[in-house]
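Please look at the sequence and the structure shown here before reading on. The briefing below goes through a few places in the model, grouped by topic.

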Amino acid sequence: MATANANSNRRYAVFLSYRHADNKEQGRQWATWLHQVLEGYEIPAGMLVGVYPIHVHYMSSLWTDPTRFDPERFSPARQEDKRHAFAWVPFGGGAHMCIGQHFATLQVKAIMHQLLLRYRWSIAPGYVMPYQLVPIAKPKDGLQVTLQRQG
Ligand code: HEM
């Protein structure tokens, strides 16, 4: 078994597709009710527009070396997530941004702390996680990670 490296690029954590027909600011950004042309693509009024955060999270115009796992990109000195109001959107953005963001972050830290302390994590050699993108992005196979209790 290969040891999982927690495959921890934060941007893999959330693959959400969602729509914002009820949110003026998001509507302005994602053009759900006005006929618009965005970067050469014609979007008729009324068309549903899926927002694709993982694409945004890999845009080289926003992120330095976007595929690299580099937590320092969030450091006060670099603040790459602040380059654009919608550069970092795992919790959405604008008026309807997740109100549970900080609570959820603390929960994840508390739970991961226990799981990393108590279990040895592994994946099958060569395992590549198959993921679905819609209706909500997640591993297609339930995420085949084996946890073995330590001690
Ligand atoms: C890792 C965990 C979580 C993720 C990835 C997440 C993600 C999101 C996203 C992307 C949105 C925006 C949806 C949209 O714009 O249509 C949202 C909204 C929201 N989230 Fe979360 N969320 C998480 C945890 C939580 C928790 C723990 C709570 C409550 C304790 C919460 C409460 C809400 C609420 C109430 C909204 C709607 C806010 C509004 O419409 O004004 N979320 N969340």
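Cys98 lies in the loop between α2 (53-56) and α3, in what is a predicted model. The points below begin with Cys98 and the iron atom, then turn to Gln101 in helix α3, and end with a nonpolar patch on the surface that includes Leu133.

**The iron atom of the ligand**
- The only protein donor of the iron atom of the ligand is Cys98, which reaches the metal through its SG atom at 2.2 Å.

**Gln101 and its contacts**
- Helix α3 covers residues 101-118, and Gln101 is found in this helix.
- Gln101 counts as buried because its relative accessible area is 13%, while the cut-off for buried is under 20%.
- When residues up to four places away in sequence are not counted, Gln101 touches Trp88 and Phe91.
- Phe91 is ten residues apart from Gln101 in sequence, and the two are 6.5 Å apart in space, taken from C-alpha to C-alpha.

**A nonpolar patch on the surface**
- Tyr52, Tyr131, Leu133 and Val134 form a nonpolar patch on the surface, and together they have about 370 Å² of accessible area.
- Within this patch, Leu133 has its place in the loop between β5 (131-132) and β6 (138-139).
- Leu133 has a relative accessibility of 32%, so it counts as partly exposed, a class that lies between buried, under 20%, and exposed, over 50%.

Methods. Residues are numbered from 1 along each chain as its sequence is written. This is a predicted model: local features need pLDDT of at least 70, side-chain atom pairs count only at pLDDT 80 or more; totals for chains, interfaces and linings use all residues. Side-chain values use heavy atoms; hydrogens and water are left out. Helices (H or I, at least four residues) and strands (E, at least two) are DSSP runs, numbered from the N terminus. Buried means under 20% relative accessible area, exposed over 50%, partly exposed in between (1.4 Å probe, protein chains only). Contact means heavy atoms within 4.5 Å. Donors are N, O and S atoms within 2.8 Å of the metal (3.2 Å for Na, K and Ca); water is not among the atoms, so sites may look incomplete. Patches are made of residues with over 30% relative accessible area and no salt bridge: like charges are joined within 9 Å, nonpolar side chains (Val, Leu, Ile, Met, Phe, Trp, Tyr) within 5 Å. Accessible areas come from the Shrake-Rupley method with a 1.4 Å probe; for residues, only the protein chains shown count as cover. A salt bridge is a side-chain nitrogen of Lys or Arg within 4 Å of a carboxyl oxygen of Asp or Glu.
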